[in-house]
Amino acid sequence: MKTLIYAHRGASKYAPENTMPAFNLAYEQKADGIETDVQLTKDNVPVLIHDEMVNRTTNGKGFVHDYTYEQLRELDAGLSFHYRFIGTRIPTLDDLLKWNQKKRLRLNIELKNSKLSSNSLEEIVIKKIKAFNMENLCIISTFSMNSIKNLCELNSPIPYAFLTSKNIPGFIEKSKELRASGIHIRYRLLNRRLFRSAKNNNLYIAVYTLNHPVTLTRAFQFPCDAVITDVPDIAVRYRNRV
Ligand code: G3P
Ligand code: CA
C-alpha cells in the first residue's frame, strides 16, 4: 500500500503557507494532496488561513472573523515569508477548489473551529465541495469532537477525520461511533498499539507533521495511510526508497 503524501498548508517550507504559490509548488513536487485550514470571514466567506489572527502571516492585524472578505483580500500574505511573494493574497476555498478542477489532487480541508465557534462552517464547506463535484477528492478534518458530531449528523457523502495531538481516552472508538473515516494524529502518538486499534476499528491513519527522512521513513514502513508534510519533495524521495 502506498502512503499518500499531503502537503501541509501547501509546500509550506518553500512558499507562504496556505497560498496558491504553496499549492502550486506542492503539485509540482508531486504531492498526492494538499492539507489546508479553513475559517470564515465576518461575511461568512470560507478562506484558507491557519491562525485565528492575520498578524503572523500577513501585513494586517486582528481576527480573521472581524474582516469582511473584501477587506481581507487587501492584505498581503506573501511578504512576511519572502519579498519574492509580495502581492500574494489569502485564497478562498473557492479559489482552491477551482484550481483543483484541473489538478485533481486530494484535498484535506481542516475546519479551524476548535477555539472560536463557527457554527455553520461544516455546512458551508460541504456545500462548496459539492458545488465543485469534488466529494471524491476531499476529506474534512477537525480537532473538535463537536464538529465531528455535526458532520455525522449532516450525513454528507464527504469523509471526515478526527484530528488530535493527544491520546484522548476512547477517541478511536468515539471517532468510529461518529462514523469518521480516519484519525489524523501527531507523529509522537504513532505506535503499534494505536495503529492496530485504529485498524481494528476500520479507521485510516494520517500522521502530521513529518519533515525529516527518519520520521517519514518510519511512517512509510508502518505503513500509515497518509503523511502530512511541509516538504513534499523530500517525502516523495523517501517514499520511493521504502
Ligand atoms: O492537519 C494536520 C495539522 O495541520 C494540524 O495542526 O496546527 O498545523 O493545523 P495545525
Ligand atoms: Ca492544519
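1. Which residues have the most contacts inside the largest nonpolar core? They are Val125, Ile140, Val207 and Val227, in a core of 64 residues. Helix H1 (residues 20-28) gives the largest share of this core, five residues. A nonpolar core here is a set of buried Ala, Val, Leu, Ile, Met, Phe, Trp, Tyr and Cys residues joined through C-beta atoms within 7 Å. Buried means 20 or more other C-beta atoms within 10 Å of the residue's own, exposed means 12 or fewer, and partly exposed lies in between, with C-beta atoms placed from the backbone.

2. This is a predicted model: local features need pLDDT of at least 70, side-chain atom pairs count only at pLDDT 80 or more, and totals for chains, interfaces and linings use all residues. Residues are numbered from 1 along each chain as its sequence is written, while chains are lettered from A and ligands numbered from 1 in the order in which they are written.

3. Confidence comes next. The chain averages a pLDDT (the predictor's confidence in each residue, from 0 to 100) of 96, and 98% of the residues score at least 70. Among the elements, strand E1 (residues 4-8) has the highest mean, 99, and helix H5 (residues 145-154) the lowest, 95. Helices (H or I, at least four residues) and strands (E, at least two) are DSSP runs, numbered from the N terminus. The model scores ipTM 0.99 and pTM 0.97.

4. Back to the core residue Val207. Beyond its neighbours within four places in sequence, Val207 is in contact with Ile185, Tyr187, Leu190, Ala219, Cys224, Val227 and Ile228. Contact means C-beta atoms, placed from the backbone, within 7 Å.

5. Ligand 1 is surrounded by His8, Glu35, Asp37, His50, Glu110, Ser141, Leu163, His184, Tyr208, Thr209 and Ile228. The criterion is a C-beta atom, placed from the backbone, within 6 Å. This shell divides into three nonpolar, five polar and three charged residues. Ala, Val, Leu, Ile, Met, Phe, Trp, Tyr, Cys and Pro count as nonpolar, Asp, Glu, Lys and Arg as charged, and the others, Gly among them, as polar.

6. Which residues of H3 are buried? Leu93, Leu96, Leu97 and Asn100 are. Down the axis of H3, these fall within an arc of 95°, so they line one face of the helix. The arc is that of the directions from the helix axis to the C-beta atoms. They pack against H1, strand E2 (33-40), strand E3 (46-48), strand E4 (106-111) and helix H4 (121-131). The face turned away from the buried side carries exposed Lys98, Gln101 and Lys102. Just after H3, Arg104 takes a positive phi of about 55°.

7. Asp94 is found in H3 (residues 93-103). Asp94 counts as partly exposed because 14 other C-beta atoms lie within 10 Å. Asp94 and Glu122 are 28 residues apart in sequence and 15 Å apart in space, C-alpha to C-alpha.

8. H5 has Ser147, Ile148, Asn150 and Leu151 as its buried residues. Their arc is 160° down the axis of H5, so they line one face of the helix. They pack against E4, H4, strand E5 (138-142), strand E6 (160-164) and helix H6 (171-177). Asn146 and Glu153 are exposed on the other side. Asn155, just after H5, takes a positive phi of about 55°.

9. Ser80 lies in the loop between helix H2 (69-72) and H3. Ser80 is in contact with Thr57, Thr58 and Asn59, leaving aside neighbours within four places in sequence.

Conventions:
Contact = placed C-beta atoms within 7 Å.
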